[in-house]
Amino acid sequence: MSGPDPSRISRRRLLQLGVLTPAAFLAACAETLVPTLSPTPRPTRSPAARPSPSPSPTPSPTPMPTLLPGAPVLYRGAALADGRSPTLQRNVSVLVENGVVVWIRPAGGEEDPRGAAVVDAAGATIVPGLVDAHSHLTGAGGVNWIERFNDPPAVLAATGEANAALAWQYGVRWLRDVGSPIVSDPVDGRRRAASLGVRDRLAGRAGFPVIRAAGSWVTRAGSLPGRISAEAANADQLLAVALQQLDDGADLVKLYLEGPDPNTTPWSIAETRRVVDAVHARGARVAAHAGRVPSIQVAVEAGVDTVEHGFELDAYTARRMRDTGTMLVSTLTVFRSWLSFSATTTVPFFSATGAAGRIGDQLEAAEASVRNARAAGVAIAAGSDAGGGSGRANHIPWEFQSLIAAGLDPVEALAAVTWRGGEALGEPDAGVIREGGPAHFFLVHGDPLTDSGAIWRIWRHA
């Protein structure tokens, strides 16, 4: 039986049939689907704040052919947020071929596109690939994140691969793993940190970030529960255990500078510096877990490359970090994640009376630490602490928003999750869009410099 002529159906009838969406449903869909942070979003900057090249004529729709690997693609007429300018560059075209950025030009001044398939990117913003500078790939995160590190090796390996894929989908192109349990790898049988096997198996595979892994946490015996860390009982063992991580194939070393007594630093400056010097002599870097002032001070004076977390960083120690060139890797979303659990779990640590207030105080202190670092001129990178602090592998955009809420300008926060993260890794191409560099970027709907939620609204990946 034939149906009615669609051209003669009224709007009211379409609503009755469910073809058009009722206004109430549209209003519900308009609500923000990403975390809402305080303070409120900054006012939108005037479009005239930065001159833009004249746009090219509106392109005709171009069917997207099935592309061969490495075939040229022209992203035409986008805006660009490069993590260095406080405003967007508009009307920009980028040609990519064989995974490399061939050129970046104003849309009205394009060079030969080499027969490229054209992506009409007008209205979208190109964002450099994100760098998650503090993650734990083999950890599942969530309320029971510590217990999940005791999962069987095969589960840890599968979790690591799934987390890497999830991170890539949310824009992460470089990922720094800063600790995983020592296990017998389910694939190659080697006994070493679980993340190292995951890194090796994913190297060069499409749809996964480039991974740099630290091996296991190097700790004073008794600092962390269970079997998850590489423990040392004295300074000689500390050096041996740290170097063993490099022997096992780690890209860097992660020192855990908080011991069984949280108010006492487990190693002296001299003991820590001995390890730092030995690791540097082998061409690797040292990251230090340090949340409280005493542990941060030991880390800085011992010459580590990055302080991870730095939740209680004071102004004096921040200035010492600047003077020694020590970077801060922020992980503010640890506390935002914990606050969310006060509504979603009955675990007393998160849900007991007064827990939300306690966690809120910790968040305020951590935000003040970021401001102290910024005021002192400390370089700030950012991490999700996925797997290791209850967060998930796709939460680095949340850290971007958290840094803005803490007081960083949007461009500073974008730098922290892109090229500053590359500095922490020692990788000059990480988090950078440049001619001749890797095409590690993605496109979002909106301007992340005036609407932080745009960082979640990914339209497509290069």
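**A hairpin, a pocket and a cavity**

Let's begin with a turn: strands β2 and β3 make a hairpin, with two residues between them. One residue in that turn, asparagine 98, has a positive phi of about 55°. Keep in mind as you look around that this is a predicted model. The two strands of the hairpin, β2 (residues 89–97) and β3 (residues 100–106), run antiparallel and are joined by six bridges. To see one of these pairings for yourself, find valine 92, whose bridge partner in β3 is proline 106.

Now let's turn to the empty spaces. Rolling a probe the size of a water molecule over the atoms reveals where such space is left. The largest pocket has a volume of about 910 Å³. It is lined by 37 residues, and those closest to its centre are Tyr256, Glu258, His289, Phe311 and Trp338. Several elements give two or more residues to this lining: α3 (145–148), β13 (252–256), β14 (285–290), α10 (333–344), α11 (348–351) and α12 (355–376). Which element provides the largest share of the lining? That is α12, with four residues. Sorted by class, the pocket lining has 21 nonpolar, 10 polar and six charged residues.

Finally, look for a cavity. The count of cavities of 30 Å³ or more comes to one, and the largest cavity holds about 40 Å³ of space. Its lining includes Leu257, Glu258, Gly259, Asp261 and Pro262, along with Arg292, Pro294 and Ser295. By class, the lining of this cavity divides into three nonpolar, five polar and three charged residues. Glu258 is worth finding again, as this residue lines the largest cavity and is also among those closest to the centre of the largest pocket.

Technical notes:
Residues are numbered from 1 along each chain as its sequence is written. This is a predicted model: local features need pLDDT of at least 70, side-chain atom pairs count only at pLDDT 80 or more; totals for chains, interfaces and linings use all residues. Side-chain values use heavy atoms; hydrogens and water are left out. On a 1 Å grid over the protein atoms alone, a cavity is a set of points where a 1.4 Å probe fits but cannot get out, and a pocket is an open set with protein on both sides within 12 Å along at least five of seven lines; lining residues have an atom within 4 Å of a point. Grid points are joined across faces, edges and corners, and a volume is the space filled by probe spheres set on the points. Ala, Val, Leu, Ile, Met, Phe, Trp, Tyr, Cys and Pro count as nonpolar, Asp, Glu, Lys and Arg as charged, and the others, Gly among them, as polar. Two strands pair if DSSP finds at least two bridges between them.
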